[in-house]
Amino acid sequence: MKKNMVIGVTGGIAAYKALDIVSGLRKKEIDVNVIMTQHACEFVNPLSFQSLSNNYVTTDMFAEPKSWDVEHISLAKKASLILVAPATANIIGKVAHGIADDMLSTVIMAARCPIVFAPAMNTYMYTNSIVQENIHYLKSKGYHFIEPDSGWLACGDIGKGKLPTPETIIQATLDLLEKTQAQKQDFQGKNVLVTAGPTVEEIDPMRYITNHSSGKMGYAIAQEAAKRGANVKLISGPTHLPCPAHVERIDIKSALDMEEEAKKHFSWSDVVIKAAAVADYRPAQRSQQKIKKSEDNLTIQLTRNPDILQELGKQKEHQILVGFAAETEELLKNAKEKLQKKNLDFIIANNIAKEGSGFQVDTNMATFIYKDGTINKHPMMSKTELANVILDEVKNKF
Ligand code: CTP
């Protein structure tokens with residue numbers, strides 16, 4: 001089947017270069033639908049794009065429909081990739097802030113395919129910290145960018161901001177398309193529930209008990225599962241990490257909040273991976289007012305939090321249940337006990353006292369232990385790689 005790309009053309013002087021991009025992609029047997037913003041139409045006549053793409057050009061959200069589909073949804077569904085070239089500071093800013101007020105921004109909002117921006121603008125606009133922050137934010141959300149070239153710009157300034165040649169853009173988009181098509185989609189239709197990060201147990205309005213968990217492992221699992229086609233819900237304690245693309249994040253604070261959300265979404269789940277570092281205890285009483293200091297020592301009474309994973313293990317029906325064991329000693333013995341007690345399919349044990357393994361860092365060294373007693377020790381690897389190893393193991397259990 002022919003692949004389809006949506007090319008978004010926004011209002012910059014480089015808009016005319018998009019004509020060569022469209023024609024180059026057609027020569028590569030790609031079916032192209034062009035969406036032009038109103039400002040782009042000031043620079044180039046839509047008819048030119050229509051003639052080159054051999055498809056109707058969409059310019060107006062409320063124009064007479066060309067078909068009976070809801071157009072922004074059908075274009076978003078049909079596209080294997082969306083390329084915005086040239087991409088102005090305006091479209092980058094709109095997407096970064098969730099604004100969908102015309103056909104292009106609406107299609108981008110509704111799309112699940114890779115989205116690539118090729119920015120082109122005045123160099124001072126491009127290097128403006130607001131634009132750079134928007135680009136940085138979108139990259140963290142999984143959007144792709146083709147770096148602009150440096151050189152003499154239409155406004156007379158010299159610097160970074162030129163649209164790369166059509167050949168460069170075509171090659172970059174085709175490479176990305178090939179890479180994403182090669183991506184395994186083996187979790188298509190599966191519902192995956194991931195927990196991540198620490199929990200926070202309040203003592204009073206000012207103080208709390210928590211732990212060193214950064215959330216990196218759980219976020220990597222959520223991200224990779226989504227890339228592999230899963231529907232992903234991520235129950236997350238407070239972290240500084242951005243929510244991965246196509247993941248529904250549910251923010252919680254305490255272990256009790258996490259328990260409530262985990263139970264709520266359990267029947268929806270085919271797979272549950274509990275990477276969160278849940279506080280085992282919380283203050284028996286949360287003081288409504290700030291606790292004032294006195295000359296005496298202070299003792300805080302702690303009470304047990306529920307063991308969420310153990311609760312889920314009891315309720316388990318068809319779900320594949322995976323837990324983590326964070327240990328500092330007797331790794332295998334402790335992890336095996338948790339595997340049994342919590343009725344898990346397998347457990348991922350890691351020694352958090354070892355360098356490069358455990359909280360905060362980007363790597364992990366894990367030992368997988370299975371119900372039948374099999375033990376599989378993995379070398380140190382990035383949390384993203386480990387996420388895929390975990391998902392491969394889960395897939396073997398489907
Ligand atoms: N877990 C949970 N609820 C808790 C404690 C832990 O769901 N109250 C989950 C974690 O998300 C993890 C697994 O159980 O997947 C093991 O957590 P860990 O902190 O290693 O062990 P604990 O069961 O808390 O036991 P201990 O603290 O004694 O090592």
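Student: Which residue has an N or O atom in its side chain 2.9 Å from an oxygen atom of the ligand?

Tutor: This is a predicted model, in which local features need pLDDT of at least 70 and side-chain atom pairs count only at pLDDT 80 or more, while totals for chains, interfaces and linings use all residues. Residues are numbered from 1 along each chain as its sequence is written, and side-chain values use heavy atoms, with hydrogens and water left out. A polar contact is a pair of N or O atoms within 3.5 Å. The side chain that offers such an atom at 2.9 Å from a ligand oxygen is that of D280.

Student: Which element gives the most residues to the shell around the ligand?

Tutor: The ligand is surrounded by 14 residues, where a residue counts if one of its heavy atoms lies within 4 Å. Elements are DSSP runs numbered from the N terminus: helices (H or I) of at least four residues and strands (E) of at least two. With 4 residues, the greatest contributor is strand 16.

Student: How many residues of this shell are charged?

Tutor: Asp, Glu, Lys and Arg count as charged; Ala, Val, Leu, Ile, Met, Phe, Trp, Tyr, Cys and Pro as nonpolar; the others, Gly among them, as polar. The shell has 8 nonpolar residues and 1 polar residue, and the number of charged residues is 5.

Student: Is N45 buried or exposed, and what is its relative accessible area?

Tutor: N45 lies in the loop between helix 2 (38–43) and helix 3 (46–53). Buried means under 20% relative accessible area, exposed over 50%, and partly exposed in between (1.4 Å probe, protein chains only). N45 is partly exposed, because its relative accessible area is 48%.

Terms used:
A polar contact is a pair of N or O atoms within 3.5 Å; within protein, one must be able to donate a hydrogen and the other to accept it, and residues adjacent in sequence count only if both atoms are side-chain atoms.
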